[in-house]
Amino acid sequence: MNWIIRFRQRDSLLPNYAVLTLYLLFALLPLLILVFNSLKSRPELANDPLGPPNVLHFENFSNAWVMGKFSTTTRNSAFLVVSTVTLVLTLGGLASFSLARLNPPGSNIFMALMVVGATLPIWLFMVPLFILWRKLGLINNLFGLVLIYTAMNAPIAIFLLRSYMVQLPADFEDAARVDGANDLQIFTNVVLPLVWPGFLTVGLVVGMGVWGEFQIALIFVTNPDLFPITTSYWQFTSRFSRDWTLTSAAALMMIAPILVLFLSLQRRFIEGLTQGGIRM
Amino acid sequence: MGELIASIESRRMPLKKRSHQRFFRLKVVPWLFILPILILYIMVVIGPSLAAFYYSLTDWSGIGKATFIGLENFKEIFLDTNYHKALQNNLKWLAMFVTIPFALSLFAASMLRGLKKSGMVFRTLLFLPYIIPSVVAAAIWRNLLSPRVGLGSVLADIGIPGLDFAFLGSTKTALYAIAFVDNWHFWGYLMILFLAAMQAIPVDLYDAAKVDGANRGQEFLHVTIPGIRPTLIFMVMMVAVWSFLTFDYVWILTQGGPARSSEVLSTYLYKQAFNRFEAGYASAIGLSMSLFAGMILGIFIYLRRRGWEV
């Protein structure tokens with residue numbers, strides 16, 4: 001009976017653990033079932049859709065890899081992630097550096113534009129953007145998608161990167177200037193080495209967003225050879241909707257990279273998401 | 001050295017040329033750093049947003065010439081029952097999302113607040129669903145909610161009937177089932193934000209509450225909630241704005257069906273623009289969605305002006 005008394009004490013943490021365990025079941029059981037089902041055979045899944053597998057069917061993964069055209073879609077998504085992160089960090093980094101250290105005249109107009117733009121709903125400009133992109137031949141073009149992702153992530157990246165660079169002391173910069181470095185050299189040789197953790201944070205948040213992005217990819221890429229992992233997975237699940245073993249295995253392959261990245265760098269992720277990444 | 005020499009040399013130059021150079025370095029160069037992203041941003045976001053105002057006043061298939069028809073599209077919105085149905089669903093969505101995930105995340109965050117090391121582990125694990133892409137989260141729950149192989153069928157097998165029901169396939173439940181799935185993914189994000197805000201509350205306040213004999217509930221109401229009030233209210237506003245824009249889960253799970261029962265404005269706009277090629281009408285719908293989002297922001301700004309501490 002001792003534990004009941006402890007449970008009711010004012011400072012006991014037992015109620016906290018009890019409640020949080022229930023939360024944990026709600027959050028993680030669906031993911032656990034996903035792992036179970038990715039390893040079952042189809043008949044076993046039909047008999048027992050929730051429990052652990054009896055025999056491990058690892059071939060589900062290779063089957064899903066081939067049938068889901070993962071070699072193509074992973075490459076497409078990797079291209080989108082790498083290009084978008086590179087562009088956001090380069091262009092956003094340059095702009096943030098100027099805003100934080102070079103004091104451009106009228107920069108508050110630019111910041112106001114970013115704030116307004118960040119609150120504009122994507123559905124306001126989706127149709128005209130689609131028509132413009134069609135005129136420019138950027139529909140069914142991965143680079144066209146990269147340009148959109150880069151612009152959509154620009155406000156978040158600039159707010160965050162600028163806030164990191166504003167905090168830097170001016171001493172280093174002044175020293176470099178006396179040594180004759182120009183603005184670009186100061187950015188690459190002085191500022192960048194000092195604020196790279198901020199760049200990593202922004203890169204992670206942007207990269208994760210692009211890897212899972214669905215709605216823009218759905219609209220701007222209709223050629224299956226160019227599908228990123230998300231829209232292709234969506235088609236895959238409707239084509240093989242009766243084979244949950246395959247779709248589960250495919251889902252796991254899709255989330256594995258972000259799970260690994262998130263679990264190893266979660267402090268950075270959470271910092272980026274809570275400080276500037278206001279999004280759904 | 002280079003700059004030093006340059007500055008010595010510039011001192012020998014005529015005054016006019018020197019001031020030009022100075023102007024270039026201090027006023028023009030900073031903007032050269034900003035220019036690339038600015039051009040891209042105008043091309044992708046600002047320009048098309050402005051164009052949407054014009055297109056919303058036209059009858060246009062997206063190809064060829066647009067016919068100017070004034071406010072006809074907006075008149076049509078007023079009469080379009082499908083639009084009204086979608087808007088109603090957005091309002092239901094708003095009502096659900098400014099309550100349920102907030103209750104879930106506030107309770108969880110207040111439970112996490114007291115924990116030390118183990119709190120980090122719980123926090124990380126509870127946050128996991130948020131990083132799962134929408135297509136995967138939707139696929140997981142489409143199966144779990146299926147009457148054939150889902151949770152309901154297993155419960156029915158062990159004698160708990162009633163949940164082996166096609167929640168996503170019924171006009172009565174589809175919208176709520178989608179909201180449930182989206183919320184499974186989303187609430188952890190609010191939890192992380194609220195937890196961060198709670199950890200910034202001075203510990204003395206909790207100690208004082210304890211001395212005064214406050215129980216957990218009173219502590220939560222009188223210390224925690226006032227302490228995170230700015231974050232809380234800001235997130236209510238953001239979630240309300242997002243409620244008008246929600247798309248992914250609805251499109252992935254039902255595409256607005258069955259029989260438009262889960263149609264929201266974004267899926268309706270998508271169909272008008274990309275299935276029916278009504279680019280003008282779709283632009284008008286997009287503009288109306290921005291208006292709703294703007295109204296939410298306007299209400300909060302108004303309340304703040306009136307002296308509410310929101």
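# Exercises on a predicted two-chain model

In this predicted model, the buried residues of helix 14 of chain B have a cover that includes helix 7 (122-135) of chain A, and helix 4 (81-97), helix 13 (248-253) and helix 15 (279-305) of chain B belong to that cover as well. The exercises below begin with this helix and then turn to the loop before it, the chains, their domains and their contacts.

## Exercise 1. Helix 14 of chain B

Task: Determine why helix 14 of chain B is described as largely enclosed by the rest of the structure.

Solution.
- Step 1. Locate the helix: helix 14 of chain B covers residues 265-274, which makes 10 residues.
- Step 2. Apply the cut-off: a residue is buried if 20 or more other C-beta atoms lie within 10 Å of its own.
- Step 3. List the residues that qualify. They are Leu265(B), Ser266(B), Thr267(B), Tyr268(B), Leu269(B), Tyr270(B), Gln272(B) and Ala273(B).
- Step 4. Conclude: eight of the 10 residues are buried, so helix 14 of chain B is largely enclosed by the rest of the structure.
- Step 5. Identify the surroundings. The cover of these buried residues draws on both chains, since it includes helix 7 of chain A together with helices 4, 13 and 15 of chain B.

## Exercise 2. The loop between helix 13 and helix 14 of chain B

Task: State which peptide bond involving Pro258(B) is cis, and where Pro258(B) is found.

Solution.
- Step 1. Read the bond: Gly257(B) and Pro258(B) are joined by a cis peptide bond, with omega about -15 degrees.
- Step 2. Place the residue: Pro258(B) is in the loop between helix 13 and helix 14 of chain B.

Task: For Gln255(B) and Ala259(B), give the value of phi and decide whether each residue is buried, partly exposed or exposed.

Solution.
- Step 1. Take Gln255(B). Its phi is positive, about 50 degrees, although Gln255(B) is not a glycine.
- Step 2. Take Ala259(B). Here phi is near 50 degrees, again a positive value in a residue other than glycine.
- Step 3. Place both residues. Gln255(B) sits in the loop between helix 13 and helix 14 of chain B, and Ala259(B) has its place in that loop too.
- Step 4. Recall the cut-off: 12 or fewer other C-beta atoms within 10 Å make a residue exposed, 20 or more make it buried, and it is partly exposed in between.
- Step 5. Apply the cut-off. Gln255(B) has 13 other C-beta atoms within 10 Å, so it is partly exposed. Ala259(B) has 10 such atoms, so it is exposed.

## Exercise 3. The overall form of each chain

Task: Describe the secondary structure, dimensions and burial of chain A and of chain B.

Solution.
- Step 1. Count the elements. Chain A has 14 helices and zero strands, while chain B has 15 helices and two strands.
- Step 2. Consider the radius of gyration. Chain A has 24 Å, where a compact globule of 280 residues would have a value near 19 Å. Chain B has 27 Å, against a value near 19 Å for a compact globule of 310 residues.
- Step 3. Give the dimensions along the principal axes. The C-alpha trace of chain A spans about 75 × 65 × 35 Å; the C-alpha atoms of chain B fill a box of roughly 95 × 70 × 40 Å.
- Step 4. Report the burial. In chain A, 46% of the 280 residues count as buried; in chain B, the share is 40% of 310 residues.

## Exercise 4. Domains

Task: Identify the domains of each chain and state how far apart their centres lie.

Solution.
- Step 1. Chain A is divided into domain 1 (2-57) and domain 2 (69-275), and their C-alpha centres are separated by 34 Å.
- Step 2. Within chain A, eight residues of domain 1 are in contact with seven residues of domain 2.
- Step 3. On the domain 1 side of that contact, helix 2 (14-38) and helix 3 (42-47) of chain A each give two or more residues. Helix 2 of chain A gives the most, with four residues.
- Step 4. This side comprises three nonpolar, three polar and two charged residues.
- Step 5. Chain B is divided into domain 1 (1-47) and domain 2 (72-305), with C-alpha centres 47 Å apart.

## Exercise 5. Contact between the chains

Task: State how many residues of each chain are in contact and how the chain A side divides by residue class.

Solution.
- Step 1. The contact joins 71 residues of chain A to 72 residues of chain B.
- Step 2. On the chain A side there are 55 nonpolar, 14 polar and two charged residues.

Conventions:
Residues numbered from 1 in each chain as written. Chains lettered and ligands numbered in written order. Predicted model: local features only at pLDDT ≥ 70, side-chain atom pairs only at ≥ 80, totals over all residues. Rg over C-alpha atoms; globule rule 2.2 N^0.38 Å. Contact = placed C-beta atoms within 7 Å. Nonpolar A, V, L, I, M, F, W, Y, C, P; charged D, E, K, R; others polar. Domains from an automatic or database assignment.
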